[in-house]
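I opened this model to go through its core, its strands, its open space and its backbone. My entries follow in the order I looked things up.

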Amino acid sequence: MDFPSKLLEKAVEEISQLPGIGKRTALRLALHLLKQPEEQTSRLVGALDKMRREISYCKSCHNISDAAICEICANPARDHQVICVVEDVRDVMALENTQLFKGIYHVLGGKISPIDGIGPSQLNIQSLIEKVKEGEVKELIFALSSTMDGDTTNFYIYKQIKDFDVITSTIARGIAVGDELEYADEVTLGRSLVHRVPFENAFKAI
């Protein structure tokens, strides 16, 4: 692709690094920004820069937050004895959109994946185990995607906490095997939460 400007080419190159955006889409976005008032582009750049520099992660659940403790964990109306274990922030957003879950979350930051070189120590697993050891957790709901890596991660955590007095369940497999949680519709996702099953039973069915 030939560019009439090195500045445009550099902008397209950077935009195309974003997931799901190819060079042609990046070019359309760059040209669109050129047509907008300069103040609008400045606001976009400022918002992205401020987000990157100032955003933090909840010290309790590892969700994205503007404060040390996120709004969900700080909410006394939530059931802090029930923790929904998810892969990343997008899953928290998807589950919150169902408006059916009243507990809190724990964001692992990924899944165990030997092929990709991701082990338990690289995820937020130990802090979850510590919560269980403290004895204040009544139930863990495994809500990772129905993939081999998701099941491996679920089982690893289960082995670490199975001797403690905590119920382990997994969302019902209304979510198709292999599907990512964030792409499920709210109704299906909500029903999966409501009709969750004991984790041991889910594992035996695999």
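**Core.** I looked up the largest nonpolar core, in a model that is predicted. This core has 38 residues. I listed those with the most contacts inside it: Cys84, Val85, Val86, Leu95, Tyr105, Leu140 and Ile157. Next I asked which elements each supply at least two residues of this core. They are helix 4 (71–74), strand 3 (79–86), helix 5 (89–96), strand 4 (103–107), helix 6 (126–133), strand 5, helix 7 and helix 8 (186–194). The largest share, five residues, comes from strand 3.

**Strand 5.** Leu140 is on the contact list, so I turned to its strand and checked both faces. Glu139 and Ile141 lie on one side of strand 5, Leu140 and Phe142 on the other. All four are buried, and both faces of the strand are therefore covered. In a regular strand the side chains alternate between the two faces of the sheet.

**Pairing.** What does strand 5 pair with over four bridges? I found strand 3, in the parallel sense. I also found strand 6 (residues 167–170), again parallel and over four bridges, with strand 5 spanning residues 139–142. On the strand 3 side, Val85 has Phe142 as its bridge partner in strand 5. On the strand 6 side, I noted that Ile141 stands opposite Ser169. Leu140 has Thr168 as its bridge partner in strand 6. I then followed the chain from strand 5 to strand 6: it passes through helix 7 (residues 148–161), and this β-α-β crossover is right-handed.

**Loop after strand 5.** I stopped at Ser145, in the loop between strand 5 and helix 7. Is Ser145 buried or exposed? Its relative accessible area is 3%, so I logged Ser145 as buried, the cut-off being under 20%. I also took a distance here: the C-alpha atoms of Ser145 and Lys111 are separated by 9.3 Å. The two residues are 34 residues apart along the chain.

**Pocket.** I moved on to open space. Rolling a probe the size of a water molecule over the atoms shows where empty space is left. The largest pocket has a volume of about 260 Å³. I counted 13 lining residues, and Leu7, Ala11, Ala30, Leu33 and Leu34 lie nearest the centre of the pocket. Which helices each supply at least two residues of the lining? I wrote down helix 1 (6–15), helix 2 (23–35) and helix 3 (38–54). Helix 1 gives the largest share, six residues. By class, the lining has seven nonpolar, three polar and three charged residues.

**Positive phi.** Last, I checked the backbone. Most residues other than glycine have a negative phi, and most peptide bonds are trans. I noted two residues with a positive value, His62 and Gln99. His62 has a phi of about 70 degrees. His62 sits in the loop between strand 1 (56–57) and strand 2 (64–65). Its relative accessibility is 18%, so His62 counts as buried. Gln99 has a phi near 60 degrees. I placed Gln99 in the loop between helix 5 and strand 4. With a relative accessible area of 64%, Gln99 is exposed.

Technical notes. Residues are numbered from 1 along each chain as its sequence is written. This is a predicted model: local features need pLDDT of at least 70, side-chain atom pairs count only at pLDDT 80 or more; totals for chains, interfaces and linings use all residues. Side-chain values use heavy atoms; hydrogens and water are left out. Two strands pair if DSSP finds at least two bridges between them. A crossover is right-handed if, with the strands pointing away from the viewer, the path from the first strand over the helix to the second runs clockwise. On a 1 Å grid over the protein atoms alone, a cavity is a set of points where a 1.4 Å probe fits but cannot get out, and a pocket is an open set with protein on both sides within 12 Å along at least five of seven lines; lining residues have an atom within 4 Å of a point. Grid points are joined across faces, edges and corners, and a volume is the space filled by probe spheres set on the points. Ala, Val, Leu, Ile, Met, Phe, Trp, Tyr, Cys and Pro count as nonpolar, Asp, Glu, Lys and Arg as charged, and the others, Gly among them, as polar. A nonpolar core is a set of buried Ala, Val, Leu, Ile, Met, Phe, Trp, Tyr and Cys residues joined through side-chain atoms within 4.5 Å. Buried means under 20% relative accessible area, exposed over 50%, partly exposed in between (1.4 Å probe, protein chains only).
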